[in-house]
Amino acid sequence: MRTASFLFVLPTDRVGGAERVLKNCVIDISSRKNTKVTVLFLSGSESGAWSDLSDNQNVSLVFFFSKHFITSIPALIFNVRDRFPTRYDFCLTSHTHANALVSVLRRFRIWRIDRHIARESTVIFDRFSGFSLILFKLMYRSYYDLYYLVCQTQYMQSKLLEHAPHLSKFRVI
């Protein structure tokens, strides 16, 4: 039987609500036979919040030690083929900027990922305004070929589709 490969992309290894969901997914998926899981943290220093998975033979924890998510992007783009030569069956993300980054890298075929499952971690249109909201709207425009776009609540889904109706072309659940 073929080994299924999973990639999880997170901004940092600090564990909040969205990160807890992804960590639980990593724990569950890595406990299954014929699976390999890579967890990529894009910024920050290692907090140790994921250290309980360091002995798991099916999990690789990868840290890009950059002070901020934005400064990790060039390093990721220029090193993605060397550091991540695998074609991944699935990629799971749970932050708008990580969702957008993976979408862009897939669109330009820099990252070979068959199915991208993106999760919305907050109601962006209730939390942000002004320039920040404009940036988030641009990130939503970059979403590409999502296998699923997961919203935590019906309210989150309705707000997202109200303000970004182009996302309705994806399977939004």
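This report describes the fold, aromatic pairs, charged contacts and surface of one protein in a predicted model.

## Overall fold

The protein is built from six helices and six strands, and these elements follow one another along the sequence in the pattern β-α-β-β-α-β-α-β-α-α-β-α. Among the contacts with a separation of 6 or more, 68% are made by residues 24 or more positions apart.

Of the 173 residues in the protein, 46% are buried. The area that the protein exposes comes to about 9,000 Å², and carbon and sulfur atoms supply 54% of it.

## Aromatic pairs

Eight aromatic pairs are found when the whole structure is searched. One of them joins phenylalanine 6 and phenylalanine 90, and this pair is classed as stacked because the ring centres lie 5.2 Å apart and the planes meet at 10°. Phenylalanine 6 belongs to strand 1 (residues 4-10) and phenylalanine 90 to strand 4 (residues 88-93), so the pair ties together parts of the protein that are 84 residues apart in sequence. Phenylalanine 6 has a relative accessible area of 11% and therefore counts as buried, the cut-off for that class being under 20%.

A stacked pair is also formed by phenylalanine 41 and phenylalanine 63, with 4.8 Å from centre to centre and 20° between the planes. Here phenylalanine 41 comes from strand 2 (residues 35-41) and phenylalanine 63 from strand 3 (residues 59-63), so this pair ties together parts that are 22 residues apart in sequence. Both phenylalanine 41 and phenylalanine 63 are buried.

## An aromatic cluster and charges over rings

Phe6 and Phe90 also take part in a cluster, in which ring pairs link them with Tyr147 and Tyr148. One member of this cluster, tyrosine 147, has arginine 115 lying over its face, at 5.7 Å from the ring centre.

A contact of this kind is also present at tryptophan 50, where the charged end of lysine 23 sits over the ring, 5.7 Å from its centre.

## Salt bridges

The structure holds six salt bridges. In one of them aspartate 89 is joined to arginine 2, with 2.6 Å between the closest N and O atoms. Because aspartate 89 lies in strand 4 and arginine 2 in the segment before strand 1, the pair ties together parts that are 87 residues apart in sequence. The two partners differ in their burial, since aspartate 89 counts as buried at 6% relative accessibility, whereas arginine 2 is exposed, with a relative accessible area of 61%.

Another salt bridge brings together the side chains of aspartate 28 and arginine 32, at 2.6 Å from N to O. Aspartate 28 counts as partly exposed at 37% relative accessibility, and arginine 32 counts as partly exposed at 46%. A further salt bridge is formed by arginine 106 and aspartate 145, whose closest N and O atoms are 3.2 Å apart. This pair links distant parts of the chain, with arginine 106 in helix 3 (residues 96-107) and aspartate 145 in the loop between helix 5 and strand 6 (146-150), 39 residues apart. Arginine 106 is buried, with a relative accessible area of 6%, while aspartate 145 counts as partly exposed at 42% relative accessibility.

## Surface patch on helix 5 and a buried glutamine

On the surface, Phe131, Ile134, Leu135 and Leu138 form a nonpolar patch, and together these residues have about 420 Å² of accessible area. Phenylalanine 131 has its place in helix 5, which spans residues 130-141. With 59% relative accessibility phenylalanine 131 counts as exposed, because that class begins over 50%.

Glutamine 157, in contrast, is buried, with a relative accessible area of 14%. This residue is found in helix 6, which covers residues 154-163. If residues up to four places away in sequence are not counted, glutamine 157 touches Cys151, Val172 and Ile173.

Terms used. Residues are numbered from 1 along each chain as its sequence is written. This is a predicted model: local features need pLDDT of at least 70, side-chain atom pairs count only at pLDDT 80 or more; totals for chains, interfaces and linings use all residues. Side-chain values use heavy atoms; hydrogens and water are left out. Patches are made of residues with over 30% relative accessible area and no salt bridge: like charges are joined within 9 Å, nonpolar side chains (Val, Leu, Ile, Met, Phe, Trp, Tyr) within 5 Å. Accessible areas come from the Shrake-Rupley method with a 1.4 Å probe; for residues, only the protein chains shown count as cover. A salt bridge is a side-chain nitrogen of Lys or Arg within 4 Å of a carboxyl oxygen of Asp or Glu. Helices (H or I, at least four residues) and strands (E, at least two) are DSSP runs, numbered from the N terminus. Buried means under 20% relative accessible area, exposed over 50%, partly exposed in between (1.4 Å probe, protein chains only). Contact means heavy atoms within 4.5 Å. Rings of Phe, Tyr and Trp (its six-membered ring) pair if their centres lie within 6.5 Å; planes under 30 degrees apart count as stacked, over 60 as edge-to-face and the rest as tilted. A charge sits over a ring if NZ of Lys or CZ of Arg is within 6 Å of the ring centre and within 35 degrees of the ring normal.
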